[in-house]
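Please open the model in your viewer, with the cartoon drawn and the side chains available on demand. The stops below say what to select next and what is to be found there.

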Amino acid sequence: GILNPSSTDTTITMTARGPDGTVLGTSTLPLAAKNKTAIALQVRPELTTIIGKRGSVDFTVSTGAVSVLGLRFKNPAFTSIPPVDR
């Protein structure tokens with residue numbers, strides 16, 4: 001899930017990278033102030049290249065801040081994905 005806790009609208013840029021840092025795809029998502037959304041990254045047309053690959057995704061915003069909760073699903077089990085500040 002992605003949350004925009006700011007009082008201003010923002011655009012989130014999601015940049016998927018392979019284990020070696022190579023960019024696999026980039027997608028943007030507008031998010032209104034004080035709003036949230038849930039998305040599956042691999043269904044976004046610009047990020048289908050991540051299917052079956054390992055790596056990381058960077059979330060950056062045009063203004064304000066963003067909070068992200070990543071979940072990884074496999075069959076009936078799921079785990080959270082810890083964030084890393086950069």
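Begin with the whole chain selected: of its 86 residues, 21% count as buried, and it should be kept in mind throughout that this is a predicted model. The accessible surface of the chain comes to about 6,000 Å², and 57% of that surface belongs to carbon and sulfur atoms. Colouring by secondary structure will show eight strands and zero helices, so that reading along the sequence gives the pattern β-β-β-β-β-β-β-β. If contacts with a separation of 6 or more are displayed, 57% of them join residues that are 24 or more positions apart.

**First stop: the sheet with β2**

Select β2, β3 and β5, which form an open sheet of three strands in the order β3-β2-β5, with antiparallel pairing. The strands β3 (23-31) and β5 (56-61) stand at the edges, and because each has a single partner strand, one side of each is left without a neighbour in the sheet. Neighbouring strands here are turned by 20° against each other on average, direction ignored.

Now keep β2 (residues 10-17) and β5 in view, since these two pair in the antiparallel sense over six bridges. Which residue of β5 is the bridge partner of Thr13? The partner to pick is Thr60.

**Second stop: Thr10**

Staying in strand β2, select Thr10. Is Thr10 buried or exposed? With a relative accessible area of 4%, Thr10 is buried, the cut-off for that class being under 20%. A distance drawn from a polar atom of the Thr10 side chain to the backbone oxygen of Thr63 should read 2.9 Å. Apart from residues up to four places away in sequence, Thr10 touches Asn4, Leu29, Pro30, Leu31, Val61, Ser62 and Thr63.

**Third stop: the nonpolar core**

Next, show as spheres the residues Ile2, Ile12, Met14, Ala16, Leu29, Leu31, Leu47 and Ile50, the eight members of the largest nonpolar core. At least two residues of this core are supplied by each of β2 and β3, and β2 gives the largest share, namely three residues.

Within that group, centre the view on Ile12 and expand the selection to its contacts. Setting aside neighbours within four places in sequence, these contacts are Ile2, Ser27, Thr28, Leu29, Leu31, Phe59, Thr60, Val61 and Val66.

**Fourth stop: Gly55**

Move to the loop between β4 (35-37) and β5, where Gly55 lies. At 55% relative accessibility, Gly55 counts as exposed, the class being set at over 50%. Measuring between C-alpha atoms, you should find Gly55 and Ala16 separated by 7.3 Å, although the two are 39 residues apart along the chain. Outside its neighbours within four places in sequence, Gly55 is in contact with Arg17, Gly18 and Pro19.

**Fifth stop: the sheet with β1**

Select β4, β1 and β6 together, and a further open sheet of three strands appears, with the order β4-β1-β6 and antiparallel pairing. Here β4 and β6 are the edge strands, each of them pairing on one side only. Strand β1 (residues 2-4) and β4 run antiparallel and are joined by three bridges; among the residues to label here are Asn4 and its bridge partner in β4, Asn35.

**Sixth stop: Ser67**

On strand β6 (residues 67-68), pick Ser67. How does Ser67 count at 35% relative accessibility? Ser67 is partly exposed, because that value falls between the limits of 20% and 50%. The C-alpha atoms of Ser67 and Gly1 are separated by 8.2 Å, while along the chain these residues are 66 apart. Leaving out neighbours within four places in sequence, the residues in contact with Ser67 are Gly1, Ile2, Leu3 and Pro5.

**Last stop: Ser6**

Finish in the loop between β1 and β2, where Ser6 is found. Although Ser6 sits in a loop, at 13% relative accessibility Ser6 counts as buried. To see what surrounds this residue, expand the selection beyond the neighbours within four places in sequence, and the contacts of Ser6 are Ala33, Lys34, Gly64 and Ala65.

Technical notes
Residues numbered from 1 in each chain as written. Predicted model: local features only at pLDDT ≥ 70, side-chain atom pairs only at ≥ 80, totals over all residues. Heavy atoms only, no water. Pairing = 2+ DSSP bridges. Helix = DSSP H or I, 4+ residues; strand = E, 2+ residues; numbered from the N terminus. Axes fitted to C-alpha atoms, helices over the stretch in contact; angles between N-to-C directions. Core = buried A, V, L, I, M, F, W, Y, C linked by side-chain atoms within 4.5 Å. Buried < 20%, exposed > 50% of the residue type's maximum accessible area, 1.4 Å probe, protein only. Contact = heavy atoms within 4.5 Å. Areas by Shrake-Rupley, 256 points an atom, 1.4 Å probe, with all protein chains shown as cover. Polar contact = N/O pair within 3.5 Å; in protein donor to acceptor, adjacent residues only side chain to side chain.
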